[in-house]
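Me: Got a minute to go through a structure with me? I'd like the plain version.

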Amino acid sequence: MKPTSAAFSDNARRALHDATLQQALAKAGVGFVEKRRAALSDLPEFAALREAGREIKDHTLANLDHYLLRFEQQVQASGGEVHWVDTPAEACAAVLDICTRAGAKRVAKGKSMVGEEIAINDALEAAGLDVVETDLGEYIIQIAHEPPSHIIAPAVHKTRQQIADLFENLHHQPDLTRPLETVPQIVDEARQILRDTFLSADVGITGANFLIAETGSTVIVTNEGNGDLSATLPRVHIVLASIEKVVPTLEDASVLLRLLARSATGQEITSYTTFFTGPRRGEDVDGPEQFHVILVDNGRSRMLGGAYHEMLRCIRCGACLNHCPVYSAVGGHAYGWVYPGPMGAVLTPLMVGLDEGRPLPNASTLCGRCEEVCPMSIPLPQLLREHRRQEFERKLAPPRSRWALAVWAFSAQRPRLYRWASRLGSLLLNKSSRGRGRFRSLPFAEGWTAARDLPAPQGDTFMAQWQRRKPHD
Amino acid sequence: MTDRRTVILARISQALGHAAAADAPAVLQRVNDHARGPQPQWAEAPRERFLAKLAKVAGTHAELASEAEIVGAVADYLAAQTLPQRLCVAPHPLLADVVWPQGWQVAHRRAQGDDRIGLAVAFCGIAETGSLMLLSGPDSPTSLNFLPDDFICLLPEDRIVPRMEDAWALLRAERGSLPRATNIITGPSRTADVEQTIQLGAHGPRRLHVLLKGGRHA
Ligand code: SF4
């Protein structure tokens with residue numbers, strides 16, 4: 001999809017005024033947070049697992065080339081093929097090539113964030129293939145022609161009524177008068193419609209939560225069972241996976257699985273955790289004849305060893321989204337690309353360019369909740385600050401904020417001037433709030449005061465108080 | 001396409017400051033050690049833990065003293081759910097000698113789109129999470145685990161291991177390598193994609209019923 005991240009502030013404003021969206025977001029937010037909290041309190045070993053998970057990823061990233069080669073070897077040994085691709089265009093071309101050689105017409109697709117990243121559906125549809133998303137949330141947004149708004153709950157922004165209307169318009173047949181109101185009725189409708197997709201598809205595409213170097217397996221973690229049907233019934237199974245998904249062993253995956261399910265949905269484990277290793281074996285009575293893994297780089301090898309290295313530990317659990325005050329207020333679409341929330345604000349500028357993604361690292365209060373809840377201990381606020389620093393260095397920030405920051409830097413390096421100026425500012429602000437202690441609006445700061453109040457400074461500046469109170473030694 | 005594999009690997013190796021090798025010593029050691037991470041602890045016996053966790057994810061179970069009780073347990077389940085006596089059964093040795101009642105339609109094959117009820121045998125159970133592990137193969141078609149509305153799974157009691165890591169150890173000891181599909185199944189299929197409301201039976205089975213068989217495993 002074409003990113004619209006540059007328009008974040010317009011997107012966000014629209015989202016804040018969208019009553020239906022606000023209703024959907026309110027419903028979702030608390031649920032995720034509460035379920036995760038309960039799951040963590042049930043597992044005293046969580047902190048130890050978190051440490052271990054971080055060690056696993058750090059070790060793997062430090063030996064990434066070795067493990068990828070090992071993984072490739074094992075996939076080939078089990079009869080599968082590995083395709084290395086650098087860009088989204090190359091990834092789409094590789095998938096399309098496999099589909100064409102297989103004479104495929106219909107593709108059943110399981111949920112894949114890498115698939116969103118490379119816009120695989122657009123590419124396959126442009127080539128005349130019939131692509132059907134089979135994860136219920138992905139199916140809903142596919143028929144609504146929208147991108148996902150959450151990395152694990154893609155249709156979290158839709159209300160039941162909106163979903164029922166979508167189904168009504170698309171599936172409606174004159175002789176069919178199924179009631180479509182309750183959640184069971186809606187889920188059942190999708191089950192009936194998508195059954196036929198699984199049974200008639202030539203190719204199944206799934207994502208991968210992990211790749212296992214030891215065995216050459218690809219792992220998916222789902223609740224619906226659609227990924228397994230997509231990987232079992234069609235003739236060809238294609239796995240879309242990015243290079244940082246590899247881990248050494250089945251034991252390592254077991255550690256990360258305990259962290260993933262709890263952080264994502266508050267489950268101890270999802271309904272289905274599946275390890276795929278190669279195509280159907282000689283004696284098997286079902287399963288695909290071909291097994292392909294598309295190994296996607298798309299900027300990741302360039303992150304390795306650099307300022308954003310730690311982001312490569314991300315296991316896409318979504319906890320940082322669920323706990324982010326900005327995400328909770330505006331939803332995922334405002335971020336304008338496939339990855340929203342704090343992890344999206346770090347990844348989007350790296351994947352679509354800092355020019356397009358520029359507003360995202362700035363649309364954060366750096367409150368630090370994301371880092372607190374991240375099962376992989378990724379220092380998200382620090383990475384966001386790094387984007388801001390780079391933006392400033394490359395002179396991408398708008399002139400007014402560059403000018404303001406330059407003035408601040410100039411005076412901050414001159415302590416006397418700084419103290420004098422901040423005292424003056426504080427006094428002026430205090431006087432002009434006329435004793436109410438809050439500002440409803442301030443000239444030059446409408447961006448801040450439009451949605452919140454600015455507390456007026458109380459008493460002296462911090463520096464003045466510090467001077468007065470610091471222990472005299 | 002120029003050789004992307006070379007380009008990507010070169011970029012990674014350069015960032016890491018070493019040459020890529022599938023048999024690098026650090027890697028070989030890690031892959032062969034199978035070191036376990038922190039292991040969650042609990043007080044109950046594996047069997048009790050398994051059943052408690054199974055119930056928590058909306059799975060049901062029946063207890064069988066031996067293979068001889070399989071037919072009765074399946075019949076009870078079908079009656080309780082008012083289901084037709086039409087089964088798709090995995091061609092598994094533990095189910096081969098079962099004599100199904102006259103009049104039942106029983107097919108021993110992979111599942112098809114209109115199969116309502118599937119019966120298979122788990123490789124093992126995992127107590128920590130109340131999960132079943134099934135391994136694809138001629139005696140356990142994967143389609144059976146996912147297509148039918150009702151999935152009934154036989155699990156010999158002595159095949160319950162404490163944790164996922166124990167299941168891997170068992171798998172390595174008995175099979176050597178992984179089959180095409182290793183399914184860890186925990187309760188029936190579910191979705192929360194409509195207003196975050198949990199609904200069972202999204203695409204996979206609507207119900208999961210475990211036949212927990214006592215006695216020694218053949
Ligand atoms: S950054 Fe951390 S919390 Fe956010 S999705 Fe990734 S692993 Fe989860």
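Reply: We can take the ligand, then a helix pair, then the cavities. This is a predicted model, where local features need pLDDT of at least 70, side-chain atom pairs count only at pLDDT 80 or more, and totals for chains, interfaces and linings use all residues. Residues are numbered from 1 along each chain as its sequence is written, chains are lettered from A and ligands numbered from 1 in the order in which they are written, and side-chain values use heavy atoms, leaving out hydrogens and water.

Me: Which residues surround the ligand?
Reply: Among them are A:C314, A:C317, A:C320 and A:C374. A:R316 and A:M343 are also in the shell. Being near means having a heavy atom within 4 Å.

Me: How does that shell divide by class?
Reply: Into 10 nonpolar, one polar and one charged. Nonpolar covers Ala, Val, Leu, Ile, Met, Phe, Trp, Tyr, Cys and Pro; charged covers Asp, Glu, Lys and Arg; the others, Gly among them, are polar.

Me: New topic. What residues does α16(A) use to meet α20(A)?
Reply: A:P342, A:M343, A:A345, A:V346, A:P349 and A:L350. On α20(A), the partners are A:L380, A:L383, A:L384 and A:H387. Contact means heavy atoms within 4.5 Å.

Me: And by class?
Reply: The contact of α16(A) with α20(A) has nine nonpolar, one polar and no charged residues.

Me: What about the lining of the largest cavity: which helix gives the most?
Reply: α16(A), with three residues. Helices here are DSSP runs (H or I, at least four residues). A cavity is a set of points on a 1 Å grid over the protein atoms alone where a 1.4 Å probe fits but cannot get out; lining residues have an atom within 4 Å of a point.

Me: How does that lining divide?
Reply: The largest cavity's lining has 13 nonpolar, four polar and one charged.

Technical notes
Helices (H or I, at least four residues) and strands (E, at least two) are DSSP runs, numbered from the N terminus.
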